[in-house]
Amino acid sequence: MSGGRSTDYNPRPMTVRTRFAPSPTGYLHIGGVRTALFNWLFARRHGGQFLLRVDDTDAERNVAAALRPILDGFRWLGLDWDEGPEVGGPYAPYYQSQRGDRYAEAVERLLATGAAYRDYATGDEIQAEREEAQRDKRRFLYSRRWMAETDADAARFEAEGRRAAVRLKMPREGACRFRDLVRGDVEFEWGLEQDHVVQRADGTCLYHLASAVDDHDFAITHVIRAVEHLSNTPRQLFITTALGYEPPAFAHVPYVAAPGGAEKLSKRKLDRYLRHHEFKAIYDRGLSVAERSRIEVSPETFNPVVVDFYRAVGYDPDALLNYLLLVGWSLDDRTERFTRDEMVAHFSLERINRAAASFDPVKLAAFQERRMQALGVDERVARATPFLERAGLVAAPPSPAELARVRDVVAAAGERIKVAGDVLDYPEFFQADGDVAYDGKAFDKRLRKDGVAPRLRRFRDRLEATRPFDAATFERTLHEFVEAEGIRIGQVIHAVRVAVTGKAVGFGLFEGLAILGPDACLARIDRALARLASQDSAA
RNA sequence: GUCCCCAUCGUCCAGAGGCCUAGGAUUCAGCCCUUUCAAGGCUGAGACACGGGUUCGAAUCCCGUUGGGGACGCCA
C-alpha cells in the first residue's frame with residue numbers, strides 16, 4: 001500500500017504534529033481522553049495538526065465496530081482530528097493493520113544493519129530463562145542462544161523445525177538518555193533492556209516497531225502519552241535511530257488514578273470504586289437518569305470511568321474537558337474556568353504535573369454545574385428535550401405546545417437542572433393529571449393532618465377565582481388567604497405543592513401552578529382531596 | 001523479585017530559598033436568605049510524610065527512611 005512513497009526520510013515539518021493512538025476496545029477511557037486532550041491542545045496551541053492513529057496490530061475482525069464509540073466520543077467532546085480514520089490524510093492509511101508492508105520493510109532494514117536478529121527460541125525456552133533470572137533475583141536478559149548470526153545458523157535452526165521471530169539487538173552497555181518535556185532528563189541503562197521482539201514468527205509485527213515507524217511516517221513531532229510508556233521509550237528510540245529517523249520529542253504525562261486512591265484508574269474496577277461514596281453518588285445519579293430515559297445500561301460503557309457515561313447522563317463536554325484539563329495541569333494558583341479558546345491559548349507541557357492525580361467525579365460535577373449555569377435557557381432546553389423524548393414524556397419531536405412547556409419547566413427549574421438528564425426530575429409537568437405519582441411520605445406529612453382538607457378546599461376555591469393565572473397573582477392570593485385563615489404560610493403551601501406535584505420538593509410553587517394552568521391545578525387538588533377522603537373512610 | 005518514578009488540606013492544584021502565621025478550587029460543618037429543594041452570600045474546619053544535613057533563612061536544595069505507584073509480554 002505504500003505505493004511510490006519514498007520511504008526513508010520525511011522532511012521534518014515546521015509544524016507541530018501530535019497523535020493519539022487508540023486501540024479499538026469499544027470504549028473511551030477517561031484517562032485516555034485526558035491524554036488526547038493534552039495532545040489536541042498542544043497541537044492547536046502551536047497551530048499544528050492532531051491526528052488519530054488506530055493501533056490495531058493485534059487485529060480482530062470487528063475493528064470498525066469497536067472504534068465507533070471512540071470516534072463518537074471524540075466528536076462529542078469536540079476534539080477534532082486533522083488526519084486519521086474517516087477523514088484520511090496525506091499519510092494514509094492510519095490503521096496499523098494496513099501498514100504491514102512498512103513495518104516489514106523496517107524489519108528488513110533493522111536486520112540488514114544488525115540492529116535486529118532472527119531468533120529461533122521457542123516460547124518455552126524463553127520462559128525457562130525468564131524463570132531462572134527470577135530465581136537468581138536478577139532482571140531477565142535473553143542469552144541469545146538461539147540467535148541466528150549467519151544464514152547457516154538460520155538453516156540449522158530451521159532444519160530443527162524452529163521458526164524465527166525478530167528481536168532487537170539491544171546495546172548491553174551505556175545508557176539511553178533523553179529529555180522528556182514533562183519529566184526532565186531521563187536515563188535508562190541499555191544493559192537492562194530486553195531484546196524485544198519486533199516481529200512475530202508469523203510475520204506480523206508488534207506495537208513498538210509499528211509505533212516508531214508510524215510516528216516517523218506521520219511526521220509526528222511530539223509524542224505526548226501516558227507514563228506507562230516511559231520505559232518503552234528506550235526501545236522505540238533504539239528502533240528510531242537504527243532506522244535513521246530523527247526522533248520526536250517525548251512528553252510522558254502521569255496516569256490518572258482511581259478516586260480516593262493512587263493506583264491507575266481502571267475500567268474493570270468499577271465495583272471497587274463504587275465503595276467510594278462520592279463516586280457511587282455520581283454513578284447512582286447517572287443510573288437513575290438512564291433508567292428514566294430508557295437508555296440501555298451496559299456495564300461495558302455505563303461506567304464513570306468511560307466517557308460515554310457522561311454523554312448518556314447529559315453532561316456538557318466542555319465541562320468534562322475543563323475538569324480533565326486540571327487533572328495534572330494548571331495555569332496558576334487560581335484560574336480554573338477555561339473556555340476552549342482559553343485552554344488552547346494557555347496550554348503548555350511545562351505546567352504538567354509529575355505526580356499522578358486521582359479522578360474526582362464530585363469536582364467534575366461542580367464544573368458541570370457551573371457550566372450549566374452559564375448556558376442560556378434555549379441551550380438548556382435543547383439539551384434537556386432529548387431526555388424527555390426518550391422517557392416518553394413528550395413526543396419525538398415535541399409539539400410546539402410541548403416545547404413551550406419544556407421551556408417553562410427548564411426556566412423555572414433553573415439551577416436545579418445540573419445535568420441535562422435532571423429534567424426528568426419533573427415528570428409531573430408532562431403527565432396527565434391522573435398519572436401524577438404521590439410521594440407517600442410527603443402526602444402523609446403535608447396532607448393527612450387534621451384541618452388540612454377543608455383548608456385546601458377553601459384555597460382551591462379561591463384559586464379557581466384567581467385571574468390572571470400567573471405566579472405574581474398567586475403569591476398575592478396566597479398571602480391574602482394566609483391572612484384570612486390566620487395561619488402561617490407553611491401551613492398551606494406545602495399541602496398545595498404535594499397535591500399538585502405529588503412531591504415535597506421542587507422549584508417555586510407559584511411558577512409551577514402557572515405552568516400547569518388552572519384546569520390541571522384544580523383537577524389535581526380535587527384528586528388529592530378525593531384520595532384523602534377515600535383513604536380516610538377506608539381507614 | 002529487578003529497574004524506575006512520585007510525595008503540600010479528604011481530593012485537584014499554586015508554591016521554582018526569604019512575599020508562607022502556606023494561597024485557590026472542591027468537599028464537609030455552621031449561619032444568613034427562603035414556601036420546599038437547589039442556587040447564592042458569609043464564617044469555619046482541613047496539608048508541607050518522617051529524620052538528617054546545606055543555608056543567616058527550606059514546603060522549596062542534598063541524603064536517608066517510610067509510604068504510594070509504575071514498568072518489567074511473540075499486549076497496546
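Author: Start with a term you'll need all the way through: a residue is buried under 20% relative accessible area, exposed over 50%, and partly exposed in between, using a 1.4 Å probe and protein chains only. Aspartate 195, for instance, is buried because its relative accessibility is 1%. As for names, residues are numbered from 1 along each chain as its sequence is written, while chains are lettered from A and ligands numbered from 1 in the order in which they are written. Keep in mind that this is a predicted model, where local features need pLDDT of at least 70, side-chain atom pairs count only at pLDDT 80 or more, and totals for chains, interfaces and linings use all residues; side-chain values use heavy atoms, with hydrogens and water left out.

Reader: Okay, which partner does aspartate 195 have in a salt bridge?

Author: The general idea first: side chains of opposite charge can pair when their charged atoms come close. We call it a salt bridge when a side-chain nitrogen of Lys or Arg is within 4 Å of a carboxyl oxygen of Asp or Glu. Here aspartate 195 pairs with arginine 144, and their closest N and O atoms are 2.6 Å apart. Arginine 144 sits in the loop between α4 and β4 (147–148), and aspartate 195 in the loop between β7 (184–189) and β8 (197–199), so to link them the pair spans 51 residues of the chain. In these labels, helices (H or I, at least four residues) and strands (E, at least two) are DSSP runs, numbered from the N terminus. Arginine 144 counts as buried too, at 15% relative accessible area.

Reader: How many salt bridges does a search of the whole structure find?

Author: It finds 48. Another one joins arginine 371 and aspartate 316, at 3.2 Å from N to O. Arginine 371 belongs to helix α13 and aspartate 316 to the loop between α10 (307–313) and α11 (317–325), so this bridge ties together parts 55 residues apart in sequence. Aspartate 316 is buried, at 1% relative accessible area.

Reader: Arginine 462 and glutamate 480 also meet in a salt bridge; what is the N to O distance?

Author: That one is 4.0 Å. It links helix α17 (residues 452–464), home of arginine 462, to helix α18 (residues 471–485), home of glutamate 480, and the two residues are 18 apart. Arginine 462 is partly exposed at 31%, and glutamate 480 is partly exposed at 43%. Elsewhere, bridges that share partners make one network of Arg19, Arg53, Asp55, Arg99, Arg102, Glu105, Asp214, Asp215 and Asp217.

Reader: Now the core: which residues have the most contacts inside the largest one?

Author: In soluble globular proteins, nonpolar side chains tend to be buried together. A nonpolar core is a set of buried Ala, Val, Leu, Ile, Met, Phe, Trp, Tyr and Cys residues joined through side-chain atoms within 4.5 Å. The largest core here has 119 residues, and Phe74 and Leu447 have the most contacts inside it. Helix α20 supplies the largest share of this core, 12 residues. A second, separate core has 33 residues, among them Leu111, Phe188, Phe238 and Tyr245.

Reader: How many residues surround RNA strand B?

Author: Here a residue is near a strand if one of its heavy atoms lies within 4 Å of it. For RNA strand B that gives 62 residues, with Arg183, Arg200, Tyr255, Glu336 and Glu415 the closest. Sugar and phosphate make up 74% of the strand's atoms that come within 4 Å of the protein. Helix α13 gives the largest share of the surface near RNA strand B, five residues.

Reader: What do polar side-chain atoms of arginine 200 and serine 231 lie close to on the strand?

Author: For arginine 200, a phosphate oxygen of RNA strand B is 2.4 Å away. For serine 231, a sugar or linking oxygen is 2.5 Å away. Arginine 130 has a polar side-chain atom 3.0 Å from a phosphate oxygen of the strand.

Reader: And the backbone: where is the peptide bond cis, with omega near 0 degrees?

Author: Look from alanine 92 to proline 93; proline 93 is in the loop between α2 (63–77) and α3 (100–112). Another cis bond joins alanine 396 and proline 397. In that α2 to α3 loop you also find glutamate 86, whose phi is near 75 degrees, a positive value in a residue other than glycine. Glutamate 86 is exposed, at 59% relative accessibility.

Terms used
A polar contact is a pair of N or O atoms within 3.5 Å; within protein, one must be able to donate a hydrogen and the other to accept it, and residues adjacent in sequence count only if both atoms are side-chain atoms.
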